[in-house]
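The following exercises invite the reader to work through a structure step by step. Each task is followed by its solution.

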Amino acid sequence: MKLVPLLATSIAFGVCHAFTIRKYNQLLVDIKSQKFELLDQMHHFTSGFKSVFSQFTMDGILSIRQSIGGAGYSAWSGLPYAIDDFSPQVTYEGDNTVMAQ
Amino acid sequence: MIKRVKQGETVDGVFGYLNLIKTQSQPKFSASTPSDFAKLEQIDETFAAFSRYCITQTLGQIASTNASKTEITNQLLALDIVTMVQLHIKYVAFQIFKDSLLQVQDSALRGHLESCCALMGINFLKDYTHLGYESGYLPTGAQTLINEAYKILLVKIRPQIIPLVESFGIPDSVLVSAVGNSYGDIYETHLEWAKTSRLNDDKGSIPDGYMEYIMPIL
């Protein structure tokens, strides 16, 4: 109940990643012929995905930590490293509360 | 995109669901059993209805104020806009996943991935059911259907969890964890790490006097 939705969602994130890269490559080709329509969509996808996905992933790591009890705090589970490594991403990828100027 | 829809254009792809904003017509909720709701099309329709309603409401609020754009984004409607965007992006992610399933050749694998997609959809949309009720889309009892469908999907995916996780193929050098290592031998790996750790080495890391005075009384 805790882990399976995370698994399903991370597969979806992988698919979205592939989708975004494909769009990006298409954009690079389009730009050479002075077409900029995809730029709008790329902005839409990348800025939305990064904030929603990074927040979800952080919550997911914490949820995994909780589901394996005290072992989640031990270095051999690998989770403290994952938490340390990932937690700043939520800040620098933006969590949608960045103010408009 | 919204602007384009309002101007009467038809948008396509993952934004296609926005076309219905213009017509103001909502599809009817048709699922009557949990297994009906666990179908991808039904989840897609429900998710789209939630997102469409949220967008319509927020845009209506934006249109009804005279405040400046900065004021709207930072203070007045900050929470509504964030909710709207998050819901929309989650729905877009769901759609991209759903569309990509068509490319999967193997029917068994596609079945499992469809369950994953449905589960992800329900997992996201169950946080937004209030929008469904507010818009009048969900009838009484729909929450129970959603919860039951969620359980059905969990049971369905359960036997496939390990193969699905392994399909990521994350090497042990990246995921440095005894719990998640590629062989699944948690305690053996833990012991091995303890034996080879330099903290447990008899050179250097053991303080002076430890072996003479403390070790005998342990």
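**Exercise 1: Two helices of chain B**

In this predicted model, α6(B) and α7(B) are roughly antiparallel to each other, as follows from their packing angle. Derive this orientation and describe the contact between the two helices.

Solution. Step one is to locate the helices: α6(B) covers residues 78-100 and α7(B) covers residues 107-125. Step two is to take the geometry, in which the axes lie 10 Å apart and the packing angle is about 170°. Step three applies the cut-off: angles over 145 degrees count as roughly antiparallel, and therefore α6(B) and α7(B) receive that description. Step four identifies the residues that meet. From α6(B) come B:Lys90, B:Phe94, B:Phe97 and B:Lys98, and from α7(B) come B:Cys117, B:Met120, B:Gly121 and B:Phe124. Sorted by class, this contact has 5 nonpolar, 1 polar and 2 charged residues.

**Exercise 2: A second partner for α6(B)**

Determine how α4(B) and α6(B) are oriented and which hand their crossing has.

Solution. First, α4(B) spans residues 40-64, and its axis comes within 9 Å of that of α6(B). The two axes cross at roughly 155°. Secondly, α4(B) and α6(B) are therefore roughly antiparallel to each other. Thirdly, their crossing is left-handed. Fourthly, the contact can be listed by residue. The α4(B) side includes B:Phe47, B:Phe50, B:Cys54 and B:Ile55, while the α6(B) side includes B:Met84, B:Leu87, B:Tyr91, B:Phe94 and B:Lys98. By class, 11 nonpolar, 5 polar and 3 charged residues make up the contact of α4(B) with α6(B). Finally, B:Phe94 and B:Lys98 of α6(B) also appear in the contact with α7(B).

**Exercise 3: A helix pair in chain A**

Characterise the packing of α2(A) against α3(A).

Solution. Begin with the geometry: α2(A) and α3(A), the latter formed by residues 79-92, pack at about 155° with axes 9 Å apart. These helices are therefore roughly antiparallel to each other. Next, the way α2(A) passes α3(A) is a left-handed crossing. The residues in contact include A:Met58, A:Ile61 and A:Ile64 of α2(A), together with A:Leu79, A:Ile83, A:Phe86 and A:Val90 of α3(A). The class count for this contact is 8 nonpolar, 5 polar and 1 charged.

**Exercise 4: Where the chains meet**

How many residues does each chain bring to the contact between chain A and chain B?

Solution. Chain A supplies 22 residues and chain B supplies 30. On the side of chain A, the elements giving two or more residues are α1 (3-32) and α2 (37-67). The most comes from α1(A), with 10 residues. This side of chain A has 17 nonpolar and 5 polar residues, and no charged ones.

**Exercise 5: Domains and confidence**

State how chain B is divided, and report the confidence values of the model.

Solution. Chain B consists of domain 1 (2-168) and domain 2 (171-218). Taken over C-alpha atoms, the centres of these two domains of chain B are 48 Å apart. Turning to confidence, the model has an ipTM of 0.89 and a pTM of 0.84. The mean pLDDT of chain A is 86, with 92% of its residues at 70 or more. For chain B the mean is 83, and 91% of its residues reach 70 or more. Within chain A, α1(A) has the highest mean pLDDT of the elements (92) and α3(A) the lowest (87).

Methods: Residues numbered from 1 in each chain as written. Chains lettered and ligands numbered in written order. Predicted model: local features only at pLDDT ≥ 70, side-chain atom pairs only at ≥ 80, totals over all residues. Contact = placed C-beta atoms within 7 Å. Helix = DSSP H or I, 4+ residues; strand = E, 2+ residues; numbered from the N terminus. Nonpolar A, V, L, I, M, F, W, Y, C, P; charged D, E, K, R; others polar. Domains from an automatic or database assignment. Axes fitted to C-alpha atoms, helices over the stretch in contact; angles between N-to-C directions. Parallel < 35°, antiparallel > 145°, perpendicular 65-115°, else oblique. Left-handed = near helix turned anticlockwise from the far one by under 90°. pLDDT = per-residue confidence, 0-100.
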